[in-house]
Amino acid sequence: MTQKVAVLGTGKIGEALLSGMIRGGWAPADLLVTARRPERAEQLRARYGVEAVSNAEAAESADTLILTVKPQDMGTLLDELAPHVPADRLVISGAAGIPTAFVEERLAAGTPVVRVMTNTPALVDEAMSVISAGTHATGAHLTRAEEIFSGVGKTLRVPESQQDAATALSGSGPAYFFFLVEAMTDAGILLGLPRDKAHDLIVQAAIGAAVMLRDSGEHPVKLRENVTSPAGTTINAIRELENHGVRAAMLAALEAARDRSRELASGNS
């Protein structure tokens, strides 16, 4: 039987997911979208050939609802959906920091809820989507979520207790790398390179390093040691990174991101 999927609050991540599903073979006729602004809904309809509906219509028509609104808007959306969501619907929450219990207690008793934290590389089909089951979600529900999110990258199941940590590492992770590339590009300019050439050098180094990490099976320490010759340039740079506490700063930064995810879960905006 054909299953309908609705993406509610279709912003950048929601649109990336929608387009990835279509590239992965989902028929536009089986996909619904909602958007806050009518012009945005019309844009999605024209671009992908999907039907744009209201949140209530999506809840009543779709077998799976994917909630992609911001965390601070989740309560309002659930209040709107509650009268229209039967208990057999699969509800997938993509809002950072929002636990499945928050969603479950606002919907019909027994509604299966799956929590997913994806990241912005969904825009280029290289996302990491971390998936956790709520109280009433079964293995089949998790598999359904994986089928949907695998269209924009890789998926990983974790217990929900690990979602805040996954958000800190993976959900926010691309920003750390962008920040590092920005800093290294500035360093290249300081060393006398034009900005465009410094940018190209760093981006290709980042891509190459990421592919080696993914495909070699080697520990990152081993890969770093392979670049680090005795008394060479790399070890001098690494000494300065250690002297400036870069490793400790990264640990503290990820702890701060994890703590903020917990704050969002407790309702602190």
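UniProt annotations may be inferred rather than shown by experiment, and their positions follow the numbering used here. With that in mind, one record can be placed on this structure, which is a predicted model: an unreviewed UniProt entry puts a "binding site" at Asn55.

Asn55 belongs to helix H3, which covers residues 55-61. Is Asn55 buried or exposed? Buried means under 20% relative accessible area, and Asn55 counts as buried because its relative accessibility is 16%. Leaving out residues up to four places away in sequence, Asn55 touches Leu8, Thr34, Leu77, Glu80 and Leu81. With one of these, Thr34, the side chain of Asn55 makes a polar contact of 2.8 Å.

The next stop is the nonpolar interior. The largest nonpolar core has 26 residues, and the members that touch the most others are Ile66, Ile92, Val114 and Ile148. Which elements supply at least two residues each to this core? They include strands S1 (5-8), S2 (31-33) and S5 (90-93), together with S6 and S7. Helices H1 (12-23), H2 (38-48) and H6 (139-149) do so as well. Val114 gives a view of the surroundings: beyond its neighbours within four places in sequence, Val114 is in contact with Leu90, Val91, Ile92 and Ser93, and also with Thr100, Ile131, Ser132, Ala137, His141, Leu142 and Ala145. Another core, of 22 residues, lies apart from the largest one, and its members include Val53, Leu77, Ala95 and Leu107. Leu77 has already appeared, as one of the residues that Asn55 touches.

From the core, the chain can be followed to Thr118. Thr118 sits in the loop that runs between strand S6 (113-117) and strand S7 (127-133). Thr118 counts as buried because its relative accessibility is 11%. Not counting residues up to four places away in sequence, Thr118 touches Ile13, Ala127, Met128, Ser129, Phe149 and Gly171. The side chains of Thr118 and Ser129 are joined by a polar contact of 2.8 Å.

The last feature is an open space. The second largest pocket has a volume of about 1,000 Å³. Which of its 32 lining residues are closest to the centre? They are Gly9, Gly11, Thr68, Val69 and Lys70. Helix H1, helix H4 (74-81) and strand S6 each provide at least two residues of the lining. H1 gives the most, with four residues. Helix H1 and strand S6 are also among the elements that supply at least two residues each to the largest nonpolar core.

Conventions: Residues are numbered from 1 along each chain as its sequence is written. This is a predicted model: local features need pLDDT of at least 70, side-chain atom pairs count only at pLDDT 80 or more; totals for chains, interfaces and linings use all residues. Side-chain values use heavy atoms; hydrogens and water are left out. Buried means under 20% relative accessible area, exposed over 50%, partly exposed in between (1.4 Å probe, protein chains only). A polar contact is a pair of N or O atoms within 3.5 Å; within protein, one must be able to donate a hydrogen and the other to accept it, and residues adjacent in sequence count only if both atoms are side-chain atoms. Contact means heavy atoms within 4.5 Å. A nonpolar core is a set of buried Ala, Val, Leu, Ile, Met, Phe, Trp, Tyr and Cys residues joined through side-chain atoms within 4.5 Å. On a 1 Å grid over the protein atoms alone, a cavity is a set of points where a 1.4 Å probe fits but cannot get out, and a pocket is an open set with protein on both sides within 12 Å along at least five of seven lines; lining residues have an atom within 4 Å of a point. Grid points are joined across faces, edges and corners, and a volume is the space filled by probe spheres set on the points.
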